[in-house]
Amino acid sequence: MMNLTILGATGSIGVSTLDVVARYPDRYKVVALSGHTRVELLAEQCHKFNPAYAVVGSATDAQRLTHLLSTRRVNTQVLYGTEALAHIASLPEVDAVMAAIVGAAGLMPTLAAVSAGKRVLLANKEALVMAGDLFMAEVRKSGACLLPIDSEHNAIFQSMPAGYAGNLSRAGVSRILLTASGGPFRDTAIEALSSVTPEQAVAHPKWTMGRKISVDSSTMMNKGLEVIEAHWLFNASANHIEVVIHPQSVIHSLVEYVDGSVLAQLGNPDMRTPIAHALAWPQRIDSGVERLDLFAIGQLTFERPDLARFPCLGLAYQALRAGGNAPAVLNAANEVAVSAFLAGDLPFLKIAAVIAETLAAVPCSEVATIDAVMTADDQGRIAATRALAAYAQ
Ligand code: NAD
Ligand code: MG
């Protein structure tokens, strides 16, 4: 029996995780769940999975949840706040933690799971982007088992030699090919992008996801964050990671070897596959995902990304090459710009402008401690908020 904490249980990844878990009541037990504001859904999940703990964001939501649970006679203990998230991520009785909070808010609880040496199922890419060096050092120190949930990184993990120890050349790997769908605006005329709405941006052609990552996919910042994520997970330099647009989203990424072999993982675009892979690894379990029908798909196509159309991708490579605080600043600026865009306060094309100006405004520095990462995050948010003011619509 594997005891689980699911951080971000009420989100897209959290719901897919519980869908897989529900298929194996003899194999997985839910010990703790977290949600931020969707209290009704969290109450329903507690009713169904009967966890020992549930964590929400505020005292008011904790009261609401406690009330909903008492009417349903559910015995879950309700907690709230960041420390409570770190607490449920590091409980001694917990074996594995799904890290599926979106954005910088996921960093501290995910790190708590890593420090406690858990099996960490990492969906929260922003945590690794912000604090990659410290995060990976903590993985090595604690002996945590880090398994990627992001479909591309899960595909790379599956296509790497078993026991890959972080040295590409020793493993005979020449390149990592990170696939991208190109999002909803791959073919849209660039002139038309100036007037796209949040609803158009979140309508992803292949994946159903939370709103922030959906906007990131439409700007291709998602792929930029994933390049940085791949750098830390596989110890690959920017020059060893190439982005390939593959609109069908069937090949989830590829690993090229020096002998000319290219290994890939394919599947329907459904996050339950990487989730089931990481839950059961090194075994395999049925995820509930439909079989891949190659005859129905017919064709797989590939394109080079256009950095003029997707400047965010170039900015992410720039931040990765700069190192130090730059990825944390990039991430903070992106979070500020995306939430302003979603609120209708920033035109789509100005998301990249806000990020570029923020990167230029915050001086480079090393990030040797988590406090330094949090400072970089703060500085990025302040500079981005200032840059926003010039573009407010
Ligand atoms: P989502 O918006 O659907 O869900 C986010 C979850 O985080 C919710 O449970 C929410 O309650 C919680 N949350 C939000 N703000 C919080 C805060 N301040 N404090 C604590 N909890 C908070 O997002 P999602 O699409 O499920 O994505 C989650 C993470 O997984 C992101 O980092 C995303 O990049 C990554 N990811 C998602 C997908 C996908 O298909 N959805 C694929 C790959 C990676
Ligand atoms: Mg992905």
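Student: Leaving aside its neighbours within four places in sequence, which residues is isoleucine 149 in contact with?

Tutor: Let's settle the term first: two residues are in contact if their C-beta atoms, placed from the backbone, lie within 7 Å. Setting aside residues within four places in sequence, the partners of isoleucine 149 are Ile13, Leu121, Leu122, Ala123, Asn154, Pro274, Ile275 and Ala278.

Student: What kind of model are we looking at?

Tutor: Residues are numbered from 1 along each chain as its sequence is written, while chains are lettered from A and ligands numbered from 1 in the order in which they are written. Local features need pLDDT of at least 70, side-chain atom pairs count only at pLDDT 80 or more, and totals for chains, interfaces and linings use all residues, for this is a predicted model.

Student: Does isoleucine 149 count as buried or exposed?

Tutor: Isoleucine 149 lies in the loop between strand 7 and helix 7. A residue is buried if 20 or more other C-beta atoms (placed from the backbone) lie within 10 Å of its own, exposed if 12 or fewer, and partly exposed in between. Isoleucine 149 has 25 such neighbours inside 10 Å, so it counts as buried.

Student: How many helices and strands does the protein have?

Tutor: Helices (H or I, at least four residues) and strands (E, at least two) are DSSP runs, numbered from the N terminus. Going by those runs, the protein has 16 helices and 11 strands.

Student: Why does the radius of gyration agree with a compact globule?

Tutor: The radius of gyration is taken over C-alpha atoms, and the globule rule is 2.2 Å times the number of residues to the power 0.38. For 393 residues, a compact globule would come out near 21 Å. The protein agrees with that because its own value is 20 Å.

Student: What share of the contacts with a separation of 6 or more joins residues 24 or more positions apart?

Tutor: Let's look at the whole protein: of its 393 residues, 49% count as buried. Among contacts with a separation of 6 or more, the share from residues 24 or more positions apart is 71%.

Student: Where does UniProt place the "binding site" feature whose residues gather at one spot?

Tutor: This comes from an unreviewed UniProt entry; positions are in the numbering used here, feature names are shortened, and annotations may be inferred rather than shown by experiment. The entry places the feature at Asp150, Glu152 and Glu226. They span 77 residues in sequence, yet no two of their C-alpha atoms are more than 8.3 Å apart, so they gather at one spot. The names to remember are Asp150, Glu152 and Glu226.

Student: Which residues does glutamate 226 touch, not counting residues up to four places away in sequence?

Tutor: Glutamate 226 sits in helix 10 (residues 221–234). It is buried, with 30 other C-beta atoms within 10 Å. Aspartate 150, in the loop between strand 7 (145–148) and helix 7 (151–159), is in contact with Glu226. Apart from residues up to four places away, glutamate 226 touches Lys125, Asp150, Glu152 and Leu178.

Student: Of the 26 residues around ligand 1, which come nearest?

Tutor: A residue is near a molecule or strand if its C-beta atom, placed from the backbone, lies within 6 Å of it. The largest share of the shell, 3 residues, comes from helix 1. Of the 26 residues around ligand 1, those that come nearest are Gly11, His36, Ala105, Met209 and Gly210.

Student: How many residues does domain 3 give to its contact with domain 1?

Tutor: The protein is divided into domain 1 (2–148), domain 2 (157–187 + 199–268) and domain 3 (323–390), with bounds from an automatic or database domain assignment. The centres of domain 1 and domain 3, taken over C-alpha atoms, are 27 Å apart. Domain 1 puts 8 residues into the contact, and domain 3 puts in 8 residues.

Student: Which residues of helix 11 are buried?

Tutor: Helix 11 (residues 272–280) is mostly covered, with 8 of its 9 residues buried. Those residues pack against helix 1, strand 2 (28–34), strand 6 (119–122), strand 7 and helix 7. The buried ones are Arg272, Thr273, Pro274, Ile275, Ala276, His277, Ala278 and Leu279.
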